Amino acid sequence: MVERFLRQTAFNSVEDYKKNLHFIIKENFNFAYDVMDAWAEEKPDKLALLWTNDEGAEIKLTFKDLKERSDQAASYLQTLGIGHGDMVMLIQKRRLEWWITMLALCKLGAVAIPATHMLTKHDIVYRNTRASVKGIICVGEEYVTSQIMAALPESPTVQVLVSIGPIIPEGFHDWHKEIVNAPPFKRPAFVNSNSDTMLMYFTSGTSGEPKMVAHDHLYALGHLTTGVFWHNLQEDSIHLTVADTGWGKAVWGKFYGQWFAGAVVFVFDHEKFNADNMLRQMEKYHVTSFCAPPTVYRFLIREDFSKYDLSALRYCCTAGEALNAAVYDKFHELTGIKLKEGFGQTETTMTLGTMPWMEPKPGSMGMPNPQYDIDLIKPDGTKCEDGEKGEIVIRVHSSQFTVHSSSNCELCTMNSELKKPIGLFKEYYRDEELTREAWHDGMYHTGDVAWRDEDGYYWFEGRIDDVIKSSGYRIGPFEVESALMTHPAVVECAITGVPDDIRGMVVKATVVLGKEWKAKAGDALVKELQNHVKRVTAPYKYPRIIEFVDELPKTISGKIRRVEIREKDNQK
């Protein structure tokens with residue numbers, strides 16, 4: 001499959017990858033037809049999706065099964081009036097229907113808007129009105145359906161409500177009862193162009209109201225490198241990414257790239273994360289490839305790994321937040337596997353990563369994916385030298401690593417046609433001002449700060465707004481968090497700045513302790529942690545304030561909301 005979309009399909013070095021990564025772009029590319037249905041024709045009986053839940057249910061679907069079910073779902077949605085360009089919000093948790101619905105909407109040229117089941121009425125109204133949502137397909141659970149119904153009076157564009165059960169409230173279509181009566185599917189005469197919007201995500205809102213990130217159909221193609229190379233997947237791989245379907249990491253690890261590789265997507269539908277349960281599933285189903293945010297690894301490494309047979313596991317990745325070196329080292333000690341970190345945003349696919357041909361450096365995000373023209377710039381707009389901290393930017397003036405192929409023309413560069421790398425978002429939907437703030441001077445500004453070492457590896461520092469200026473020093477929160485994480489008492493922590501009359505700001509640590517340390521919370525432990533940081537990193541970075549909490553405030557996608565900690569401190 002990969003050879004249909006890349007001129008070279010295997011790489012053995014950083015230089016080889018950088019020089020020879022060239023995409024082949026199909027006119028009117030559609031992931032559902034050009035990848036998934038192609039697999040169904042080529043290898044109909046190949047296992048594609050293995051779904052299980054915490055109640056022991058199990059469903060296996062081949063590529064042929066996925067084609068048949070997505071065709072049926074596409075036809076059903078057509079009977080409900082869903083078609084090209086229509087906005088459809090999906091609140092389906094990890095239910096099997098999410099994968100079917102995503103493919104069906106793609107086949108219709110409709111726009112999928114995945115969303116978390118934790119949304120409130122306010123959240124749903126905000127999304128419905130900002131995106132002119134036409135339909136909502138959701139799990140039939142009391143909380144979810146009640147919030148949707150409460151939002152309807154302020155959501156004039158919503159015309160179609162569908163529940164996948166078990167509850168089917170009044171006014172909702174019954175997915176399972178009605179879909180069986182759908183007529184045979186007929187592919188629309190026109191489905192999409194490459195530049196049509198395929199997918200929209202609302203950012204997790206770490207620093208304000210969520211933004212609407214619009215992706216075109218080539219975004220799916222952009223994730224080929226995520227699954228095939230970063231995750232290092234093959235057809236015999238069984239891959240598990242820990243992610244709720246309501247946020248972008250789901251399509252990073254449970255959809256596009258994995259199926260370009262022809263791998264099995266393993267889904268564990270669970271209500272609440274439990275490290276032991278997760279490891280048991282990996283053992284039972286012989287998971288070979290695993291990806292999770294650092295938070296998950298922090299809890300996994302506190303389990304007794306001698307209780308589990310993880311002999312099938314051979315490759316592991318992490319993304320979502322920066323990985324502390326202490327977590328990397330412990331996981332390697334327990335499994336012999338070197339974690340491969342990657343970096344990207346809701347607005348991108350994987351932009352920086354540690355690829356199979358690279359030796360990972362614990363705590364480093366890796367090197368630029370040549371799919372993107374990555375740079376580091378200082379506040380004055382000049383390029384950073386090695387060792388200097390600056391903002392990660394993606395240059396969008398050209399796309400020299402992209403080629404175009406169709407029946408009517410030879411391979412040619414796409415500089416004038418695409419004007420952006422494959423995988424980079426189109427815009428913040430209906431917000432030209434916000435788009436211009438992030439995308440100007442020939443660059444997309446990520447808002448993330450990092451530095452590059454002499455070998456070309458990038459190291460995360462934090463969001464621009466998170467950088468702490470204290471007594472003339474610029475302190476990145478991640479470097480202090482990494483130091484604290486090497487102390488055995490600390491499970492999680494967040495570093496923020498607190499205003500100070502003398503120093504401008506001082507460093508504060510909000511800390512979650514391991515259960516065996518909670519009884520020791522107090523002045524003595526505060527002093528011990530402060531001295532520990534002074535020994536591990538430069539003494540001026542140590543947290544002058546330490547607060548112990550049971551949990552950190554996080555976004556719906558699991559990222560730490562440092563802005564919420566700062567806001568609470570400012571109100572004191």
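The following exchange goes through some local features of a predicted model.

Colleague: Why are helices H2 and H4 called oblique to each other?

Modeller: The axes of H2 (residues 31-42) and H4 (residues 97-108) cross at roughly 125°. Roughly perpendicular covers 65 to 115 degrees and roughly antiparallel begins over 145. The crossing angle falls in neither range, so the pair counts as oblique.

Colleague: How do you know that H2 and H4 meet, and through which residues?

Modeller: Their axes come within 8 Å. On the H2 side, Phe31, Ala32, Tyr33, Met36 and Asp37 are in contact with Leu103, Cys106 and Lys107 of H4. Sorted by class, this contact has 6 nonpolar residues, 2 charged and no polar ones.

Colleague: Why is Ser132 called partly exposed?

Modeller: Ser132 has 25% relative accessibility. Buried means under 20% and exposed means over 50%, so Ser132 lies in between and counts as partly exposed. Ser132 sits in the loop between helix H5 (121-131) and strand E6 (135-140).

Colleague: And why does Asp441 count as exposed?

Modeller: The relative accessibility of Asp441 is 64%. The cut-off for exposed is over 50%, so Asp441 counts as exposed. Its place is the loop between strand E23 (439-440) and strand E24 (443-452).

Colleague: What makes the phi of Ser132 worth a remark?

Modeller: Most residues other than glycine have a negative phi. Ser132 is not a glycine, yet its phi is positive, about 50°. Asp441, also not a glycine, has a positive phi of about 55°.

Colleague: What kind of peptide bond joins Gly165 and Pro166?

Modeller: A cis bond, with omega about 10°. Most peptide bonds are trans. Pro166 belongs to strand E7 (residues 160-166).

Definitions and conventions. Residues are numbered from 1 along each chain as its sequence is written. This is a predicted model: local features need pLDDT of at least 70, side-chain atom pairs count only at pLDDT 80 or more; totals for chains, interfaces and linings use all residues. Side-chain values use heavy atoms; hydrogens and water are left out. Axes are lines fitted to C-alpha atoms, for helices over the stretch in contact, and angles run from 0 to 180 degrees between N-to-C directions. Helices (H or I, at least four residues) and strands (E, at least two) are DSSP runs, numbered from the N terminus. Angles under 35 degrees count as roughly parallel, over 145 as roughly antiparallel, 65 to 115 as roughly perpendicular and the rest as oblique. Contact means heavy atoms within 4.5 Å. Ala, Val, Leu, Ile, Met, Phe, Trp, Tyr, Cys and Pro count as nonpolar, Asp, Glu, Lys and Arg as charged, and the others, Gly among them, as polar. Buried means under 20% relative accessible area, exposed over 50%, partly exposed in between (1.4 Å probe, protein chains only).
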